[in-house]
Amino acid sequence: MAVVMETGRLRLRLMKWDDHADIMKIFSDPVAMRYYPSMKNDEEANFWINWTLDNYRKFDVGLWVVEDLATKEFLGMCGLVPQKVDGAVQMEIGYLFVRKHWGKGYATEAAMACKEFGFDHLKCEKLISLIDPDNHPSIKVARRIGMEYIKNITKWNKTIAIYCVENR
């Protein structure tokens, strides 16, 4: 288990193939996947894990598994993901959590840790989050970590809001 970072309550670690069943707790939940184009089946989850592992190899970042520090329970995923926006690659803070863990501040805590990692270790000038404009809980997380709305774009065949925070 390669630990990337820890916070007061959370451990963020590299994803591995053994995480498939836990990831499906999110991907098979229609409420958790409401703002994605669709839920994901086992094959699509395997593609997602492979994409994440590829991001680790190519960029040394990606979505990391978020676990409860005390119990090691899977809570969700959060991390830094390269995204092409307006013709340039930008680093996105992305997060998805198991629905039973919503409303406990885990997404904000994990996203804040990723923001600090992006600024302190990667020396990013800015970080973005790509959020469905109707996904108010995700927008609240972005705002809590200091992000501000920039504009809407079309990505993944839908309207997506860009939130951004600059490294001061």
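What is the volume of the largest pocket? It is about 1200 Å³. A pocket here is defined on a 1 Å grid over the protein atoms alone, as an open set of points where a 1.4 Å probe fits, with protein on both sides within 12 Å along at least five of seven lines. The volume is the space filled by probe spheres set on the points, which are joined across faces, edges and corners.

Before I continue, a word on the source. This is a predicted model, in which local features need pLDDT of at least 70 and side-chain atom pairs count only at pLDDT 80 or more, while totals for chains, interfaces and linings use all residues. Residues are numbered from 1 along each chain as its sequence is written, and side-chain values use heavy atoms, with hydrogens and water left out.

The largest pocket is lined by 46 residues, where a lining residue has an atom within 4 Å of a point. Y36, Y95, L96, N135 and S138 lie nearest the pocket centre. At least two lining residues come from each of α2 (42-59), β4 (74-85), β5, α3, β6, α4 and β8. Helices and strands are DSSP runs, of H or I over at least four residues and of E over at least two respectively, numbered from the N terminus.

I turn next to helix α4, residues 136-144, in which S138, I139, V141 and A142 are buried. Buried means under 20% relative accessible area, exposed means over 50%, and partly exposed lies in between, with a 1.4 Å probe and protein chains only. Seen down the axis of α4, the buried residues fall within an arc of 155°, so they line one face of the helix. That arc is taken from the directions from the helix axis to the C-beta atoms. As general background, an α-helix has 3.6 residues a turn, so residues three or four places apart point the same way. P137, R143 and R144 are exposed on the other side of α4. The cover over the buried residues of α4 includes β5 (88-97), α3 (106-120), β6 and β8. After α4 comes G146, with a positive phi near 95°.

Helix α3 also holds T108, which counts as buried at 16% relative accessibility. Leaving out residues up to four places away in sequence, T108 touches V141, R144 and I145, a contact being heavy atoms within 4.5 Å.

Now to the strands. Which way do β6 and β8 run, parallel or antiparallel? They run antiparallel, and six bridges join β6, residues 126-131, to β8. Strands count as paired if DSSP finds at least two bridges between them. L130 stands opposite I162, and K126 has E166 as its bridge partner. Strand β7, residues 148-155, is also antiparallel to β8, through seven bridges, with E148 partnered by C164. Seven of the nine residues of β8, residues 158-166, are buried, so this strand is largely enclosed by the rest of the structure. The same description holds for β6, because five of its six residues are buried.

The hairpin of β7 and β8 has two residues between the strands. W156 lies in this loop and has a positive phi of about 60° although it is not a glycine. At 44% relative accessibility, W156 counts as partly exposed. D86, in the loop between β4 and β5, also has a positive phi, near 50°. D86 is exposed, with a relative accessible area of 57%. For context, most residues other than glycine have a negative phi.

Which residues have the most contacts inside the largest nonpolar core? They are F27, M77, I93 and Y95, in a core of 51 residues. Such a core is a set of buried Ala, Val, Leu, Ile, Met, Phe, Trp, Tyr and Cys residues joined through side-chain atoms within 4.5 Å. Helix α3 gives the most to this core, with eight residues. A second, separate core of seven residues includes I128, L130, I160 and I162. Returning to F27, its contacts beyond four places in sequence are M33, M39, K40, A45, W48, M77 and L96.

I close with V65, in strand β3, residues 63-68. V65 counts as buried, at 0% relative accessibility. V65 and M15 are 50 residues apart in sequence, and 5.5 Å apart in space from C-alpha to C-alpha. Not counting residues up to four places away, V65 touches R11, L12, R13, M15, D19, F74 and G76.
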